[in-house]
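Here are my notes on the model you sent. Please read them with the coordinates open.

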Amino acid sequence: MKITLNSIVKGFAASVVGVSMLFTANSAFAAFPENDITLIVPYSPGGGSDQMARRLQPGLEKALGVTVRIVYKTGGGGAVGFTELHGSKPDGYTISNVVVPNIIISSQGEGIGYTADEFAYFGMTESAVGSLMVPTDSPFKTLDEFVAFAKDNPGRLTVAGVGGTGAANWGDMAEILDIQTTYVPVSGGVGDMMPMLAGSHVDAGMTASNHATKHKSIVNALVVAGPSEVPSLPGVPNEPQWGYVTTWGLMAPPGTPADVVEILNAALVEAASAPEVRDALIAGGYNPMIQTAAEAQAYVLAEMKRRGM
């Protein structure tokens, strides 16, 4: 075989191109994220989702090396924000807070264009059982007093909750207690519900127990869901038959590449594992959670199955 200067030059050029392409491909993988990330909060400022996003924001920014911008897309019991994420580019630069079971229940609404199993979940970080709370100036100091009045006055008591999710969860408890009340849906989230309770515009509110813990100055919890007492609400009775649990996490749009999801998960695990975050969760009445992306996805699918979806 005759070797010429021309063939040597061509071979060298081909090698340079090959190495360049390999370097470019590896650089593209290693570069994420290069730009700021938008974190959608589908509920009003001050609620559980907003608190969750604010707790994690510094750790996410440290782990990812970019700014994480929080934006609010409220309404429809979370459906407005979830729809916004569903239509976002699946590149990891737009993510959202997610609440289970809200994402599942809201997907059943009329005209909703997403299903809960479509999204790329990359971690659940905390959970809290449900609670029924009344304003501090309420005449009802115990659950027994509340139930007795409701039985004597069917439909008269008003109970606020977040959208269709609240309706389903309170419906379960009302059935357990064998009472009839008037449900008041709040589309913007707990941040909009608390002023209603503070001003005694409704007789009671039903949401996760962390809110009863945070807002002890304006509400009294009458009962919590589940088999045991909530440590941050000592003395508040529990109802074992009430299976209401709220879980918070983060998700990306459908079709987000697996390698990007894993990078987001690693950053979330780092942020959620910080001692100050875990201490704040426990003090606030939450149960801290750490998950892989696969575990988060499986968690949502299991909740869908449990609800017959």
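How many of the five residues of strand β7 (residues 204-208) are buried?

1. Five of the five are buried, so strand β7 is largely enclosed by the rest of the structure. Keep in mind throughout that this is a predicted model.

2. Strand β7 has a partner in strand β4 (residues 120-135). The two run antiparallel and are joined by four bridges. Within this pairing, Gly 130 stands opposite Ala 208 of β7.

3. Strand β5 (residues 158-162) also pairs with β7, but here the sense is parallel. Two bridges make the connection. Val 159 faces Ala 204 of β7 across this pairing.

4. Strand β1 (residues 37-41) deserves a look as well. Five of its five residues are buried, so β1 is largely enclosed by the rest of the structure. The cover is on both faces. Ile 37, Leu 39 and Val 41 lie on one side, Thr 38 and Ile 40 on the other, and all are buried.

5. What does β1 pair with, and in which sense? Its partner is strand β2 (residues 68-72), in the parallel sense, over five bridges. Take Leu 39 of β1 as a reference point: its bridge partner in β2 is Ile 70.

6. Now the chain as a whole. It holds eleven helices and eleven strands. Of its 309 residues, 50% count as buried. Among contacts with a separation of 6 or more, 76% are between residues 24 or more positions apart.

7. On confidence, the mean pLDDT of the chain is 90, and 90% of the residues reach 70 or more. Residues 1-29 are another matter: pLDDT stays under 50 there. For this stretch the model has three contacts beyond four places in sequence. Where pLDDT is low, predicted coordinates should not be read in detail. I would ask that any figure mark residues 1-29 as having pLDDT under 50.

8. Overall dimensions: the C-alpha atoms fill a box of roughly 105 × 40 × 30 Å along the principal axes. The exposed area of the chain is about 14000 Å², with carbon and sulfur atoms supplying 57% of it.

9. Last, charge. The chain carries 17 positive and 28 negative side chains. The centres of the two sets lie 8 Å apart.

How values were computed
Residues are numbered from 1 along each chain as its sequence is written. This is a predicted model: local features need pLDDT of at least 70, side-chain atom pairs count only at pLDDT 80 or more; totals for chains, interfaces and linings use all residues. Side-chain values use heavy atoms; hydrogens and water are left out. Buried means under 20% relative accessible area, exposed over 50%, partly exposed in between (1.4 Å probe, protein chains only). Contact means heavy atoms within 4.5 Å. Accessible areas come from the Shrake-Rupley method with a 1.4 Å probe; for residues, only the protein chains shown count as cover. Lys and Arg count as positive and Asp and Glu as negative; His and the chain ends are not counted. The place of a charge is taken as NZ of Lys, CZ of Arg, CG of Asp or CD of Glu. Two strands pair if DSSP finds at least two bridges between them. pLDDT is the predictor's confidence in each residue, from 0 to 100.
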